Amino acid sequence: MFFPIRSYNLFFNRFDTGPTSTPLSLSTDQPTSSSLCLHAPSPPSTPPPSLGLSQSPPPSPPSLQCSSPPPPPSPNLFTPTVDQVRTQLKKIKARKATGPDGISSRLLRDCADQLCQVVCYIFNLSLSLERVPVLWKTSCVVPVPKTSRPKEPNHFRPVALTSHLMKALERIVLRHLRPLVSPNMDPLQFAYQPGIGVDDAVIYLLQRSLSHLEDAGNTVRITFFDFSSAFNTIHPSLLRVKLERAGASDQLAAWVTNYLTDRPQFVRLQDCVSDVVVCSTGAPQGTVLSPFLFTLYTSDFTYSTDSCHLQKFSDDTAIVGCVSEGNDCEYRKVIMDFVDWCELNHLQVNASKTKEMVIDFSRKPSDIAPVNIQGLDIERVRTYKYLGVHLNNKLDWTDNTDSLYKKGQSRLYMLRRLGSFGVCRPLLRTFL
């Protein structure tokens, strides 16, 4: 690789503003304030100074000790049942990679009946104490390339491997949390909602745009925002306030805050393991709760009128302005208000990658001044790939059809070449 593995860990944690963002070793003799203690193992072998690599395997799993029994349950506390725990353990996929705790996913699934009671006890202990064991918060980050030839850390997407026990607890918490906060969620957030998906987001945008363009002289302006590692910029203290305002109990809000605070993180790239960095900002990608927590984190900024609306799909945000007679004041004001809200909530708008598309069916389109964000004029594009669909400034399907045709042709060529070598049909289906 072109960069030491330690650089990847620091790059993925570059948004952390907490006091514990310096590289640490996994071994520590300092006691924790939580009643769920973690005795960390010895750190990996010291890497060469020039490369920052370690050829030793990942740290061995620490031991989890409970120093006191859980307090008596309160009527206001959320307490998972044994049946809920058993159901979630049986839903674990056996082929999933093992997390930092070293507990096999197949073991948890096959022994769900035998383990459900003791695991339920630990889950209730964690929730009642509003503490998450440090080992369950530990993330093994595996960089996944975004491009075919990645050369820099920003060409990788960090996917976190965490404990399967923690994921089972997250699923239980999510099923309890979603109904509590759903009345306060953004109605134009199309991601991670039951029965709603990408198609609904694209159809809603097209329907609003085409309906406005039916009248002569009308235009539609769409700004597609790009964020810099949106999931890694969540501040737990702000998220706790939003959780409580949305209807979550103090117990769950405190538990989620503890989960996102002081999270040990190390990067594994093939046989190399980095040092540990402790994170107190962001949510690990690849976990169960992180996507829903991000949608809740951004749910307090909503806007929808007949002439302008803001719609989201996770961090893919678009502001659609239905402009009549060249009056785009509302459209520009919503953009400025959203940018100011992003700054207050520590979401970093990447103005250089944010694009605007102007849709105007008139024969002589008027000269429209560009939108300016953070002192930079937003680039105006003819086509934009929104949620996998290629949209153009005529709102026809030529660009999207051409893209699908080229993609299909490349796959058919690969299948023909593999078929000429006598590859069996079951294996060919994997390339479809």
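Let's begin inside the protein, at helix α10: nine of its nine residues are buried, so this helix is largely enclosed by the rest of the structure. Keep in mind as you look around that this is a predicted model. The buried residues of α10 are Leu-289, Ser-290, Pro-291, Phe-292, Leu-293, Phe-294, Thr-295, Leu-296 and Tyr-297. Which helices do they pack against? The buried residues of α10 pack against α6, α8, α9 and α11. At Tyr-297, look for a charged neighbour: Lys-242 lies over the face of this ring, 5.1 Å from the ring centre.

One of those packing partners, α9, is mostly covered too, with ten of its eleven residues buried. Among the buried residues of α9 are Gln-251, Trp-255, Asn-258 and Leu-260. Just after α9 comes Asp-262, which takes a positive phi of about 55 degrees.

Now step back to see the whole chain. The protein chain has 13 helices and 17 strands. Buried residues make up 47% of its 432 residues. Among contacts in the chain with a separation of 6 or more, 71% are between residues 24 or more positions apart.

Next, turn to the cores. The largest nonpolar core has 63 residues, and those that touch the most other members are Leu-89, Phe-225, Leu-239, Trp-255, Ile-319 and Phe-338. The elements that give two or more residues to this core include α2 (82-90), α4 (112-129), α10 and β10. Which element gives the most to this core? That is α6, with nine residues. A second, separate core has 23 residues, including Leu-188, Leu-213, Val-320 and Tyr-386.

Phe-338 deserves a visit of its own. At 2% relative accessibility, Phe-338 counts as buried. Leaving aside neighbours within four places in sequence, Phe-338 is in contact with Phe-225, Phe-227, Phe-301, Leu-310, Thr-317 and Ile-319. Phe-338 also belongs to an aromatic cluster, together with Phe-225, Phe-227, Phe-301 and Trp-341.

That brings us to the aromatic rings. A pair of aromatic rings is described by the distance of the centres and the angle of the planes. How many aromatic pairs are there? The count comes to eleven aromatic pairs. In one of them, the rings of Phe-190 and Tyr-204 have their centres 5.9 Å apart and their planes at 50 degrees, so the pair is tilted. Phe-190 lies in the loop between α6 (164-181) and α7 (198-213), while Tyr-204 lies in helix α7, so the pair ties together parts that are 14 residues apart in sequence. Phe-190 is buried, with a relative accessible area of 7%, whereas Tyr-204 counts as partly exposed at 25% relative accessibility.

For another pair, look at Phe-227 and Phe-338: their ring centres are 6.2 Å apart and their planes stand at 75 degrees, so this pair is edge-to-face. The pair links distant parts of the chain, with Phe-227 in the loop between β6 and α8 (236-246) and Phe-338 in helix α11, 111 residues apart. Phe-227 is buried, with a relative accessible area of 10%.

Now follow the strands. Five of them form an open sheet with mixed pairing, in the order β10-β11-β6-β12-β15. Why is one side of β10 and of β15 left without a neighbour in the sheet? β10 (308-313) and β15 (379-380) stand at the edges, each with a single partner strand, so each has one side without a neighbour there. The partner of β15 is β12 (residues 355-360); these strands run parallel and are joined by two bridges. Here Lys-355 stands opposite Glu-379 in β15. Helix α11 (residues 329-344) lies across β6 (219-225), β10, β11 (316-323) and β12, and runs at about 10 degrees to β6.

Our last stop is a hairpin. Strands β16 and β17 (residues 389-392) pair in the antiparallel sense over four bridges. In a regular strand the side chains alternate between the two faces of the sheet. Along β16 (residues 383-386), Tyr-384 and Tyr-386 point to one face and are buried, while Thr-383 and Lys-385 point to the other and are not. The bridge partner of Tyr-386 in β17 is Val-389. Two residues sit between the strands of this hairpin, where Leu-387 takes a positive phi near 55 degrees.

Technical notes
Residues numbered from 1 in each chain as written. Predicted model: local features only at pLDDT ≥ 70, side-chain atom pairs only at ≥ 80, totals over all residues. Heavy atoms only, no water. Pairing = 2+ DSSP bridges. Contact = heavy atoms within 4.5 Å. Axes fitted to C-alpha atoms, helices over the stretch in contact; angles between N-to-C directions. Phe/Tyr/Trp six-rings, centres within 6.5 Å; stacked < 30°, edge-to-face > 60°. Buried < 20%, exposed > 50% of the residue type's maximum accessible area, 1.4 Å probe, protein only. Lys NZ or Arg CZ within 6 Å of the ring centre and 35° of its normal. Core = buried A, V, L, I, M, F, W, Y, C linked by side-chain atoms within 4.5 Å.
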